[in-house]
Amino acid sequence: MVNLSTIKKTLEDLKSTAPTNLTAVVVGGTNGIGKGFLYKLAEYTPSPKIYIVGRKESTLNSIVDDLKKNVNAKGNYIPIIASDLTLLKEVSHATSQILAQETSHLDLLFLSQGYLTLSGRSESPEGLDKITTIRYYGRIRFILDLLPLLKKSPNEFPKPRVISVYNAGSEGKIIASDLGLREPQNNGALAALVAATTYMTLSFERLARDHPKVAFIHSHPGVVRSNIFNAEHFSSAFAWFMNKVIGPTVFRVVAISPEESGERHLWEAVDARFAALEDGEKGAAGTVVAEGSDGKKGSGAYTVNGKCETMSNRAVLKQYRDDGIDGKIWEHTIEELERVKALA
């Protein structure tokens, strides 16, 4: 486990070492883990430009005002409204807003959008499972749309990086004959969770090879105190019980705060051990480069747990690579993205 004191020291140094032109996109920055990260990014960097993607204009404006008044007045915080990220058209709407305003570069793309559900497949008008879209397809759309800006980053520290906060380390059995989880026997809540997890890790390995200047991290945040149990996706009684009874008691003991989660993820965003593939095993001078999800040091794609330690579900992932399933997942992903794009 990386000690919080070590993390805080690194972040304190950022105040003087981070570039003054650091530019980031934070998706899901209005609540929970994403908001915790957003506030720490603003706190520890001297004059960041941060595009904040969220659903509600009023919430975004309130956060922008708070960041300006109470966290870092030198930052430039730009609200980006995306009303429903279970739809790829809304992802494209968000990225088009960013691309219209940002012509220079990006250093960091942080993705934490999502919600918890125990239900099975709920199909969107685009023909995709809603929860799998917000967890996986939509995140890949964000990445592909914004990669040109990430590759234009002029900064050596931190080098461009993508962090997707989800379920790293829990990769498992997927159904290669039904990657879209359309058959009723394949589309339960657990199957969707495992599929999105596995697709994300293997797709990050593909992205790291194709875009060697950028590092990709699939993160498992551990247990974080947030209001993820909400009445939008659960009954009011269950949401109340989890947030008002379990939250203040059990979660207070076993979970970390959104603030600590934010610090840990910001450390992951800047620590040189998570080297891009073009830097390989050498990394930065004096750096011990981390082992990627494929078991190779400096591979450019990493699975990281809530303690900021790298890990790899090697047996499961190796079999998928050996059988060519990783390539089939990527082909399926691009086919679905292009199919939905053609609907517009």
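Which residues in α1 meet which residues in α8? On the α1 side they are L4, I7, K8, T10, L11 and L14. On the α8 side they are E260, E263, R264, L266, W267 and V270. The model is predicted, and every value below is computed from it. Helix α1 covers residues 4–17 and helix α8 covers residues 258–270. The two pack at an angle of about 65°, with their axes 10 Å apart. Their crossing is left-handed.

Now to the interior. In soluble globular proteins, nonpolar side chains tend to be buried together. Here the largest nonpolar core holds 52 residues. The members that touch the most other members are V25, V53, L109, F142, I143, V162 and F216. Helix α5, residues 130–151, gives the most to this core: eleven residues. Another core lies apart from it, with 40 residues. L14, L38, L67 and Y77 are among the members of that second core. L14 also belongs to the α1 set that meets α8.

Take F142 as a way into the largest core. Its contacts, leaving aside neighbours within four places in sequence, are V27, V53, L85, V91, A94, T95, L109, L111 and Q113. Two of these contacts, V53 and L109, are themselves listed with F142 among the residues that touch the most other core members. V91, A94 and T95 point to the next element, helix α4, since they are part of its contact with α5.

Two packed helices are described by the angle between their axes and the distance between the axes. For α4 (residues 88–101) and α5, the axes come within 10 Å and cross at roughly 25°. Angles under 35 degrees count as roughly parallel, so α4 is roughly parallel to α5. The crossing is right-handed. From α4, the contact uses L88, V91, S92, A94, T95, I98 and L99. From α5, it uses T133, Y137, G138, R141, F142, D145, L146 and L149.

A second pair gives another geometry. Helix α6 (residues 189–210) and helix α10 (residues 325–343) pack at an angle of about 90°, with their axes 9 Å apart. The range from 65 to 115 degrees counts as roughly perpendicular, so α6 is roughly perpendicular to α10. On α6 the contact is made by Y199, L202, S203, R206, L207 and R209. On α10 it is made by D326, I329 and W330.

Return to α5 for a polar residue. T132 sits in this helix. Is T132 buried or exposed? Its relative accessibility is 3%. The cut-off for buried is under 20%, so T132 counts as buried. Its side chain joins that of D129 through a polar contact of 2.7 Å. Leaving aside neighbours within four places in sequence, T132 is in contact with Y137 and A192. Y137 also takes part in the contact between α5 and α4.

Beyond α5 comes the loop between α5 and β5, where β5 spans 161–165. P158 is found in this loop. A cis peptide bond joins F157 and P158, with omega about -10°. S153 lies in the loop between α5 and β5 too. S153 counts as buried, at 3% relative accessibility. Outside its neighbours within four places in sequence, S153 is in contact with H105, L106, D107, P160 and K213.

Two other loops hold residues with positive phi. L181 lies between β5 and α6. Its phi is near 55°, a positive value in a residue other than glycine. L181 is buried, with a relative accessible area of 4%. C308 is in the loop between β7 (301–304) and α9 (314–322). Phi of C308 is near 70°, again positive in a residue other than glycine. C308 is buried as well, at 3% relative accessibility.

Finish at strand β6, residues 215–219, which contains H218. H218 counts as buried, at 0% relative accessibility. Its C-alpha atom is separated by 6.2 Å from that of Y302, although the two residues are 84 apart along the chain. Not counting residues up to four places away in sequence, H218 touches S164, Y166, N167, A168, E171, T197, M200, T201, F204, Y302, T303 and V304.

Definitions and conventions. Residues are numbered from 1 along each chain as its sequence is written. This is a predicted model: local features need pLDDT of at least 70, side-chain atom pairs count only at pLDDT 80 or more; totals for chains, interfaces and linings use all residues. Side-chain values use heavy atoms; hydrogens and water are left out. A nonpolar core is a set of buried Ala, Val, Leu, Ile, Met, Phe, Trp, Tyr and Cys residues joined through side-chain atoms within 4.5 Å. Buried means under 20% relative accessible area, exposed over 50%, partly exposed in between (1.4 Å probe, protein chains only). Helices (H or I, at least four residues) and strands (E, at least two) are DSSP runs, numbered from the N terminus. Contact means heavy atoms within 4.5 Å. A polar contact is a pair of N or O atoms within 3.5 Å; within protein, one must be able to donate a hydrogen and the other to accept it, and residues adjacent in sequence count only if both atoms are side-chain atoms. Axes are lines fitted to C-alpha atoms, for helices over the stretch in contact, and angles run from 0 to 180 degrees between N-to-C directions. Angles under 35 degrees count as roughly parallel, over 145 as roughly antiparallel, 65 to 115 as roughly perpendicular and the rest as oblique. A crossing is left-handed if the near helix is turned anticlockwise from the far one by less than a right angle, and right-handed if clockwise.
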